[in-house]
Structure formats: C-alpha cells, structure tokens
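Welcome, and please open the model in your viewer. We will go from one selection to the next and look at what is there.

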Amino acid sequence: MATTISSLAATHSLHRLCCRSSPASPSTPARVSFRAAPPAVAAARARRRAAVQVRASSAVLEAPEELATRKLYVGNIPRTVTNDELAAMFAEHGTVVRAEVMYDKYSGRSRRFGFVTMSTPEEANAAIESLNDTEVGGRKIKVNVTESFLPNIDASAPEPEPAFVDSQYKVYVGNLAKTVTTEVLKNFFSEKGEVLSATVSRVPGTPKSKGFGFVTFSSDEEVEAAVSTFNNAELEGQTIRVNKA
C-alpha cells in the first residue's frame, strides 16, 4: 500500500509540475511550432548535400576508359603477397585507391596476380616505370595498365575463343611461348587425362599472349599426372611451369 501511495504522489507531483510549466489551460490543445532556418544556413546545408551526392556518384559516373588508365595489372607476384603488402608496394608512387590479389575460389591460394588502382593516371604511369620488371620475393613482376578499354585496339585481333570451363581440378601453366594457342595447350595436356577446358591468357582485344594459361581436368588424379609429367617440359621451344591452381 505504501508503494501505491508513493507512486500516486509522484504522479500527482509530476502533473502539477507539467501544468505549472504550461501557460495554456487544460482544455487548450498543445501546439508545436517549427522555426525555419535562416536563408544563409539553408543554403549552406543544400551545398553540403549536393557535395555529398557528387562524391557518392563519382565512381559510378567515371567512364570505363578513364578507370583503365589508373587500374594496373600486376603479374607474377609471389603467392605470399597479401592485399596490404601489394598496396604498400605501390603506395610509394601515389595514392592507392584499391589493391586486390586474386585468389582461386576452390584452393584459396593466390593466383599470382592482382590489380591496383591509383588515384591518377600520372601516378599509375609512375608506378609502371618504377616497378615493372623489378624483383619481389625472387620473382620478376609485370606491371602495366589494364587494356580492356584502351583505344587503338588491334583490328586483326582474333575472334573470341570459347568460354573457359572452370573446375576445382585445374593447373596453372606459366612461361608459355607467344605462339601457343588455346588449342595447342589443350591438345598438349590431353595426353594425361580428360581435359575439360584450356585457355591462354591474352591482352583483351589483341592476339598478344600474357605468357600463361590454365587447364582444367575432371579429377584430381589427372591434375597430379599433368603436374608430374609436364612441369619443366618443353612446349613450342620454351620450358613451361605447371602447378596446381
């Protein structure tokens, strides 16, 4: 009972306090008014909102060819290089917007290449001049701009090859001769198993080989056989490197 009386008393006191603070009679409905911001403040807020919208949409509005002048392909990197280490390599030459090492979705291992986006084309060119053909972890890396959207594409480029059929049973083939085609690569590895698919990586829109490719099989045993048989074998006059991808 004491608790009930105390609660009622507290409620009554609160009611009296509220009533004293309001000059309006109990029968008068409460009115809430909003004061408009001064014109100068409203204008400043509008400018800030517009600036945020421009910054948020700048990446979407950027033309692909403009992005291609800042986005770099980085090849032949050691498998141990992480995204942060890749970014640190290029940070000495400008602002790194993004750095990403490409990983195999099945094995989780690095595919020994990645992409770095610099903030300006000038910084991208500076990174190419300084880092292309330099050694990282005992490997000579390759750095150049992505060429998917660059003008002056070679008109003699071949027709697009059949889509590559990916698989968890895959090998990486490095140090390929410039003359090796997808068909040659597929036929070469067919001696040691059922080849599902093969591809020679090329500069987009051109017949220029990047010097490596991939071959997929139907089983892990065929992958093991291909690695043991063809690693350090000769293809088109060059000693190729073969390992699990």
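## First stop: Arg70

This model is predicted, and in it the side chain of Arg70 reaches the backbone oxygen of Met118 at 2.5 Å. Select Arg70 and look at where it sits: the loop between H3 and strand E1 (71-75). Is Arg70 buried or exposed? With a relative accessible area of 11%, under the 20% cut-off, Arg70 counts as buried.

Keep Met118 displayed and add Leu67, which belongs to helix H3 (residues 64-68). Draw a C-alpha to C-alpha distance between Leu67 and Met118: it should read 9.3 Å, for a pair separated by 51 residues in sequence. Leu67 is partly exposed, because its relative accessibility is 32%.

## Second stop: two asparagines

Now select Asn76, in the loop between E1 and helix H4 (83-91). Check its backbone torsions: phi is positive, about 65 degrees, although Asn76 is not a glycine. Its relative accessible area of 23% makes Asn76 partly exposed.

Next, jump to Asn175. Which loop holds Asn175? Asn175 is in the one between E7 and helix H6 (182-189). Here too you will find a positive phi in a residue other than glycine, with a value near 60 degrees. Asn175 is partly exposed, at 34% relative accessibility.

## Third stop: Lys170

Go back along the chain to strand E7 (residues 170-174) and pick Lys170. How does a lysine at this place score for accessibility? Lys170 has a relative accessibility of 5%, so it counts as buried.

Show the side chains around it. Those of Lys170 and Asp104 are joined by a polar contact of 3.4 Å. To see what else surrounds Lys170, leave out its neighbours within four places in sequence; its contacts are then Asp104, Phe164, Phe214, Val215, Thr216, Val223, Lys244 and Ala245. Colour that set and keep it on screen, including Asp104, Phe214, Lys244 and Ala245, for the next stop.

## Fourth stop: the cavity

Run a cavity search if your viewer offers one. How many cavities of 30 Å³ or more are there in the whole structure? The search finds one. The largest cavity holds about 60 Å³ of space.

Select the lining: Arg79, Asp104, Arg109, Ser110, Arg111, Arg112, Tyr172, Phe214, Lys244 and Ala245. Asp104, Phe214, Lys244 and Ala245 line this cavity and are also among the contacts of Lys170. Colour the lining by class and you will get six charged residues, three nonpolar and one polar. Which element gives the largest share of the lining? That is strand E3 (residues 110-118), with three residues.

## Last stop: the whole chain

Zoom out and switch to a cartoon. The chain has seven helices and 12 strands. Of its 245 residues, 31% are buried; Arg70 and Lys170 are two that you have visited.

A contact map makes a good companion view here. Take the contacts between residues at least 6 apart in sequence: 64% of them join residues at least 24 apart. Finally, turn on the surface. Its accessible area comes to about 15500 Å², and carbon and sulfur atoms account for 55% of that.

Note on methods:
Residues numbered from 1 in each chain as written. Predicted model: local features only at pLDDT ≥ 70, side-chain atom pairs only at ≥ 80, totals over all residues. Heavy atoms only, no water. Helix = DSSP H or I, 4+ residues; strand = E, 2+ residues; numbered from the N terminus. Buried < 20%, exposed > 50% of the residue type's maximum accessible area, 1.4 Å probe, protein only. Polar contact = N/O pair within 3.5 Å; in protein donor to acceptor, adjacent residues only side chain to side chain. Contact = heavy atoms within 4.5 Å. 1 Å grid on protein atoms, 1.4 Å probe; cavity = no way out; pocket = protein on both sides within 12 Å on 5 of 7 lines; lining within 4 Å. Points joined across faces, edges and corners; volume = space filled by probe spheres on them. Nonpolar A, V, L, I, M, F, W, Y, C, P; charged D, E, K, R; others polar. Areas by Shrake-Rupley, 256 points an atom, 1.4 Å probe, with all protein chains shown as cover.
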